[in-house]
Amino acid sequence: LALAFLLSLVPHPTEGDDKLALEQYTIEAHGSHAEIIEAENTCISVMLLGCMGFMMATFYLVNWPDDDIRQISWEVISATISVFGSLLLFQGFNRVLEHYFFGGLSIWQQVGVAMLQLLLWFAMLQLVLGYESGAIGENRKVSQRRAALEIAENSSNPSERLQNFRLAERLMHEIQLDTHAAAVLMGHVNGFAAVNAWGFLQQAVPRTFWCCAAIPPLSFFGISWVYRATRYVRHKKTFADGEEDEYEVIWGEHVAETEDEVISLSVSFLAVQMLRFCISGHLPDASGLDKPWQDWHSNLQCALLLLTGVIAGGADVARLLHERSRDVNFTRVTSSDSKVSTSPVSSARTGGWFQKISAMTFAFSLLFAAEWWITSNFDLDGSLKAVVSSLLVTFVAFIFIFGIDKVADMHFEDAELDQALRLIISALGMLVGFSWERCFDAALGGLSVHVQGEGKGANDAALSRHHLGLGHIPPAVCNLLMAVGLAVLVLPAWKWYILPSLHNREIDHSKASEASAHSARKGSDVEDAEEPNGRIEAVATHVD
């Protein structure tokens, strides 16, 4: 906040400069039909080349010699696809809502509708995860598992008992995977619903530093209060029969993990919006887009936004590295010892929130700094700008990932530092998905307008003569239909193939890490046994 306040004191463009920029943009917007066709052809070419390069780079990364890079690559792929599909669906539903309900509403009425939509998504989150975990309703796999356990317990045939116990174990694994998949998707949807709702509030308040800076902490406490309310409802449902069964435990754990993601997404995005306002003097819209006549930024402003994000994202890692460098005899904590409570009132969980918020702040700062730099230094527009931005962000994200992996390899026994680094890597994975979703969202927006066939001028009329004859369907509805089609194509493959593979890889990676840490501790114990006097002195120093 202190850094943002200092940035807000930098002189910004005046209102007269904004009017001149708007007039210049209006003049330049009337391009010829040939220029529009050339821009579309260029965009398609860059999209094809970019997608081919992205696919080939993916094959290199998932077969990289380093086990950590392979694991991280699968995590980034999974995060990219899940963010892409879920955010595409939310944007489609949100555009339909804005098209049919936001027409004559004031800004504060729009805030109310967006908040109501957020509460509905929160309620859907609780119900969907409750059903998938078996805590609510009649889940088919839960019923099959209970039947298999009942047969195994009542059977006197050892072979039949073993077969049914294995079936019950497999069904439990599938229930956990289904709940995890639903939690990931609903977490992304709820996170961006929170961004949308609180973003509208940020648009409604006066354009001053203090008003814009008040929205991120206000959203933090507001969402935390909703968590307490939903936890109370879950507690009533869970202990209605006097005990908490294993399905209700799964429900509570996955809801807590999803809530952590929602609060980190919303608060970090709003914080970056505030930083962009302080640096440029212009507040972007609720989705993070600048007005076309306000999208030019100097290289210094781009560097300031990126530097601020790096400071926010690397602060916790720098703190841990500093502590480790000062205390050479600190206690190594393994992953099995570092359990974080999922209780909403836990100080450990609150600390985890701030770690995730810092990591996502870095990711969003990187994204918008890249967009600022591309827009200001290259004559690109629309989908083409989104494609180039996605390619640049993906390239820079993997450079950071390789650097973070090197730091993690230097401190492979420190689970606390490893967790902080993995949060940054997860944030970068979500960043890649978010950037490509914006790219496809821009493409779907342009395609839906062409399909609908609306024209507002001579050039638009020339283009709209080739529409698909669906002029009676609004662009928002066309956008939603195409988003649903893409999601139906992408998300099942992610759930059936990528997520289970990633889950198995995480188990193997965790076992390998614990084995390495055990070997390192065993070697350290042998060295201490060879030098008993040194060990006694170290213990005495620790006691003092």
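What follows is a conversation about helix packing and burial in this predicted model.

Visitor: What makes up the secondary structure of the chain, helices or strands?
Guide: The chain has 16 helices and zero strands. Of its 544 residues, 44% count as buried.

Visitor: What share of the contacts with a separation of 6 or more comes from residues 24 or more positions apart?
Guide: Such residues account for 80% of those contacts.

Visitor: Let's turn to the helix pairs. How do you describe two packed helices?
Guide: By the angle between their axes and the distance between the axes.

Visitor: Why is helix 6 called roughly antiparallel to helix 7?
Guide: The axes of helix 6 (residues 140–154) and helix 7 (residues 158–204) cross at roughly 160 degrees and come within 8 Å. Angles over 145 degrees count as roughly antiparallel, so helix 6 is given that label relative to helix 7. Their crossing is left-handed.

Visitor: Which residues make that contact?
Guide: On the helix 6 side they include Arg145, Leu149, Ile151 and Ala152. On the helix 7 side, Glu160, Asn164, Phe165 and Leu171 are among them. By class, the contact of helix 6 with helix 7 has eleven nonpolar, two polar and seven charged residues.

Visitor: Why is the pair of helix 7 and helix 8 called oblique?
Guide: Helix 7 and helix 8 pack at an angle of about 140 degrees, with their axes 10 Å apart. The cut-off for roughly antiparallel is over 145 degrees, and roughly perpendicular runs from 65 to 115. An angle of about 140 degrees fits neither range, so helix 7 and helix 8 are oblique to each other. The crossing of helix 7 and helix 8 is right-handed.

Visitor: What meets what between helix 7 and helix 8?
Guide: Ala194, Trp198, Leu201 and Gln202 of helix 7 meet a set of helix 8 residues that includes Cys212, Ile215, Pro216 and Gly222. By class, this contact has eight nonpolar, three polar and no charged residues.

Visitor: Now for single residues. What makes Ile151 partly exposed?
Guide: Ile151, in helix 6, has a relative accessible area of 39%. Buried means under 20% and exposed means over 50%, so Ile151 falls in between and counts as partly exposed.

Visitor: What does Ile151 touch, not counting residues up to four places away in sequence?
Guide: Ile151 touches Glu160 and Asn164. Ile151 and Phe165, 14 residues apart in sequence, are 9.0 Å apart in space, C-alpha to C-alpha.

Visitor: How do you know that Ser224 counts as buried?
Guide: Ser224 lies in helix 8 (residues 209–238). Its relative accessibility is 12%, and the cut-off for buried is under 20%, so Ser224 counts as buried.

Visitor: What does the side chain of Ser224 reach, and which residues does Ser224 contact?
Guide: The side chain of Ser224 reaches the backbone oxygen of Phe220 at 2.6 Å. Leaving aside neighbours within four places in sequence, Ser224 is in contact with Ile263 and Trp353.

Visitor: Why is Asp260 called buried?
Guide: Asp260 is in helix 9 (residues 246–280), and its relative accessibility is 11%. Buried means under 20%, so Asp260 counts as buried.

Visitor: How many residues separate Asp260 and Trp353 in sequence, and what is their distance in space?
Guide: Asp260 and Trp353 are 93 residues apart in sequence, while their C-alpha atoms are 6.2 Å apart in space.

Technical notes:
Residues numbered from 1 in each chain as written. Predicted model: local features only at pLDDT ≥ 70, side-chain atom pairs only at ≥ 80, totals over all residues. Heavy atoms only, no water. Axes fitted to C-alpha atoms, helices over the stretch in contact; angles between N-to-C directions. Helix = DSSP H or I, 4+ residues; strand = E, 2+ residues; numbered from the N terminus. Parallel < 35°, antiparallel > 145°, perpendicular 65-115°, else oblique. Left-handed = near helix turned anticlockwise from the far one by under 90°. Contact = heavy atoms within 4.5 Å. Nonpolar A, V, L, I, M, F, W, Y, C, P; charged D, E, K, R; others polar. Buried < 20%, exposed > 50% of the residue type's maximum accessible area, 1.4 Å probe, protein only. Polar contact = N/O pair within 3.5 Å; in protein donor to acceptor, adjacent residues only side chain to side chain.
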